[in-house]
Amino acid sequence: MNALSLAKAPIGRPLMLVRAEGTPESCRRLSALGIRRGAQVLLMHTTAGGGRVMQVAGSRIALDRSMLGKLFVEPAPCDDDLGGTAA
């Protein structure tokens with residue numbers, strides 16, 4: 001499946017972060033905030049300046065439009081997709 005930047009991702013759907021681009025410093029800062037590969041994120045709403053508020057690791061974080069374009073996501077796997085079986 002092709003990754004989609006957070007700037008173009010749908011609001012209100014569970015997503016999984018697959019790639020972050022940027023300087024090592026910005027990637028470390030994002031990681032400290034819980035924004036790292038494999039993290040499940042949910043876009044909450046758009047801000048007035050074109051940024052978005054996302055929920056990740058129990059926190060809500062606002063990101064500007066330029067940072068959104070450096071984060072890439074795919075739809076989060078559903079429980080059914082995980083291969084679990086009910087007993």
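**Exercise 1. Find the partner with which the side chain of R19 meets in a salt bridge, and decide how accessible each of the two residues is.**

Step 1. In this predicted model, the side chain of R19 meets that of E21 in a salt bridge, with a distance of 3.3 Å from N to O.

Step 2. A residue counts as partly exposed when its relative accessible area falls between the limits of 20% and 50%. R19 is therefore partly exposed, since its value is 38%, and E21, at 35%, is partly exposed as well.

**Exercise 2. Determine how many salt bridges there are in total, and describe the one that R28 forms.**

Step 1. The count comes to 2 salt bridges.

Step 2. R28 pairs with E25, and their closest N and O atoms lie 3.9 Å apart.

Step 3. Both R28 and E25 belong to helix α1, where they are 3 residues apart, about one turn of the helix.

Step 4. Because its relative accessibility is 54%, R28 counts as exposed.

**Exercise 3. Locate R37 and work out which residues it touches beyond four places in sequence.**

Step 1. R37 sits in the loop between α1 and β3, and it is exposed, because its relative accessible area is 71%.

Step 2. Leaving out residues up to four places away in sequence, R37 touches L17 and V18. R37 and L17 are 20 residues apart in sequence, while their C-alpha atoms are 5.1 Å apart in space.

**Exercise 4. Name the residues that touch the most other members of the largest nonpolar core.**

Step 1. This core has 17 residues, of which L6, I35, M54, L63 and L71 touch the most other members.

Step 2. Among the elements that give two or more residues to this core are β2, β3 and α2.

Technical notes:
Residues are numbered from 1 along each chain as its sequence is written. This is a predicted model: local features need pLDDT of at least 70, side-chain atom pairs count only at pLDDT 80 or more; totals for chains, interfaces and linings use all residues. Side-chain values use heavy atoms; hydrogens and water are left out. A nonpolar core is a set of buried Ala, Val, Leu, Ile, Met, Phe, Trp, Tyr and Cys residues joined through side-chain atoms within 4.5 Å. Buried means under 20% relative accessible area, exposed over 50%, partly exposed in between (1.4 Å probe, protein chains only). Helices (H or I, at least four residues) and strands (E, at least two) are DSSP runs, numbered from the N terminus. Contact means heavy atoms within 4.5 Å. A salt bridge is a side-chain nitrogen of Lys or Arg within 4 Å of a carboxyl oxygen of Asp or Glu.
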